[in-house]
Amino acid sequence: MRRVLLLGSTGSIGTQALRVIAASSDLTVVGLSCDRNVGLLLEQASSLGVSHVAIADEAAARTVSSSLYPELRIRSGAEAAARLVREVEADLILNAIVGFAGLESTLAAMDGGCALALANKESLVCAGSLVVRRARRKGVDIIPVDSEHSALFQLIAASGPESVQSVTITASGGPFRGKTAAELSGVTREEALAHPTWSMGEKISVDSATLMNKGLEIIEAHHLFGLSYDQIEVVIHPQSVVHALVKLVDGALLAHMGVADMRVPIGFALHYPERAPMSIPELDLASVGALGFERPDGVTFPAMDLAREAGLKGDKATCSLNAANEVAVNAFLAGRLPFLGIAELVGAVLGESPAGDLGTYEEVVDVDTWARHKAQKICAGMSESV
Ligand SMILES: NC(=O)c1ccc[n+]([C@@H]2O[C@H](COP(=O)([O-])OP(=O)(O)OC[C@H]3O[C@@H](n4cnc5c(N)ncnc54)[C@H](OP(=O)(O)O)[C@@H]3O)[C@@H](O)[C@H]2O)c1
């Protein structure tokens, strides 16, 4: 039995991971975590017989009556998930927390020497060099859960890293593919959340609509696979059937294809290095018909290029980019910032961001805090005109 500690168990990736685990005979859950969705967390804990949980939101944690759940060991607060990582013995940690909040748990997994299935791409965007350095020092495997990176992980292993000339990750283009900036000026939160091919949490859905998600994935690929930024290309592929490609030194192009169902990369990461059968709909290529590929529209969707620019400046800039984006996405979801304001706000913060590497977690927190304050200040000015 492989013991899995599942962080962010109440989210889109978390609940899909629990479906994969329920269908498997060799995986068991030893800990769960959420931010404030305590009702679902308690349901998950009792149905799985899990006694270790973490609740980030203190007020939500206080609503759990210890007399009703005497067997439950609850950790609460912003650092609760990382404490769970340090205190509960596991064979694999799946980090499916969204945003910067997932970084401390990623670093705790590295320090404990535990294999990490990483959905929380923001860990690599905020502190990629630090995470990768610690993983190497401790000999920890990071198995990506993002579908494109899971695909690259498999393609690069199959062809040998020395044979890889460049990689391409695909993007569906999101709900606004083909629109002009003028057409996007008044789009609503509901329109931005209506992703055409993937069903996901709110933050990544908005990131997909701005194409910032693909920008974050470029940075993620840079750190995971040690590729330079000019070796990482992006192509729009509306069908989401091809997840990623590698171009080899002899000109051959290998593609990874499959249905757009996150249970496939989640299952791969949970069972790695084994492969387990999965009950998911099969890909019927004939009914897909034609596969299309287009260049991204960097004029209407500047976020992806901002991420690449940040990547070239180093970890301080990517950390600032991430913080500004989290502030901007929250403001958009709350109706305080127009859709096009997201990239504008990120660009403004990035323009003032320090450049260079980040050596410690404390330095990462400092840059994140600086960028959040800056973004909130700029956002307040922009909100007045909404
Ligand atoms: N969804 C996808 O298909 C997909 C695909 C590829 C990569 N990813 C990546 O996977 C990660 C999770 O995405 P998601 O779509 O599953 O997000 P989600 O549905 O919003 O779920 C996020 C999870 O993190 C918890 N959480 C939120 N804020 C937290 C905090 N401050 N501290 C601790 N826990 C917190 C949430 O708890 P509550 O439920 O209590 O809020 C929930 O369990 C993201 O980094 C995303 O980029 C997702």
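This is a short chat about the domains, the ligand site and two backbone details of a predicted model.

Reader: How is the protein chain divided into domains?

Author: Into three stretches of assignment. Domain 1 covers 2–145. Domain 2 is made of 146–262 + 281–312. Domain 3 runs over 314–386.

Reader: What distance separates the centres of domain 2 and domain 3?

Author: It is 23 Å, taken over C-alpha atoms. Domain 2 puts 27 residues into the contact, and domain 3 puts in 19 residues.

Reader: And how much area is buried between domain 2 and domain 3?

Author: About 1700 Å². Carbon and sulfur atoms give 76% of that area.

Reader: How many salt bridges between domain 2 and domain 3?

Author: Zero.

Reader: OK, polar contact then. How many residue pairs between domain 2 and domain 3?

Author: Four residue pairs are in polar contact there, counting pairs with both residues at pLDDT 80 or more.

Reader: Which elements give two or more residues to the side of domain 2 that touches domain 3?

Author: They are α8 (181–184), α9 (189–193), α10 (202–210), α11 (212–225) and α14 (303–313).

Reader: Which one gives the most?

Author: That is α14, with seven residues on the side of domain 2 that touches domain 3.

Reader: What's on that side of domain 2 by class?

Author: On the side that touches domain 3, domain 2 has 17 nonpolar residues. Five polar and five charged residues complete the tally.

Reader: Switching to the ligand. How many residues surround it, and which are the closest?

Author: The ligand is surrounded by 24 residues. The closest are T10, S12, R36, N37 and E122.

Reader: Take T10. What part of T10 lies by the ligand's oxygen atom?

Author: A polar side-chain atom of T10, at 2.6 Å from an oxygen atom of the ligand.

Reader: And N37, side chain or backbone?

Author: Backbone. A polar backbone atom of N37 is 2.8 Å from an oxygen atom of the ligand. G8 also offers a polar backbone atom, with a ligand oxygen atom 3.2 Å away.

Reader: Backbone geometry next. Is the peptide bond from Y272 to P273 cis or trans?

Author: Cis, with omega near 5°.

Reader: Where is P273 found?

Author: P273 sits in the loop between α12 (263–271) and α13 (285–288).

Reader: Last one, L211. Is its phi positive or negative?

Author: Positive, about 75°, although L211 is not a glycine.

Reader: Where does L211 lie?

Author: In the loop between α10 and α11. Both of those helices give residues to the side of domain 2 that touches domain 3.

Notes. Residues numbered from 1 in each chain as written. Predicted model: local features only at pLDDT ≥ 70, side-chain atom pairs only at ≥ 80, totals over all residues. Heavy atoms only, no water. Domains from an automatic or database assignment. Contact = heavy atoms within 4.5 Å. Buried area = accessible area lost by both parts, 1.4 Å probe. Salt bridge = Lys/Arg side-chain N within 4 Å of Asp/Glu carboxyl O. Polar contact = N/O pair within 3.5 Å; in protein donor to acceptor, adjacent residues only side chain to side chain. Helix = DSSP H or I, 4+ residues; strand = E, 2+ residues; numbered from the N terminus. Nonpolar A, V, L, I, M, F, W, Y, C, P; charged D, E, K, R; others polar. Near = heavy atom within 4 Å.
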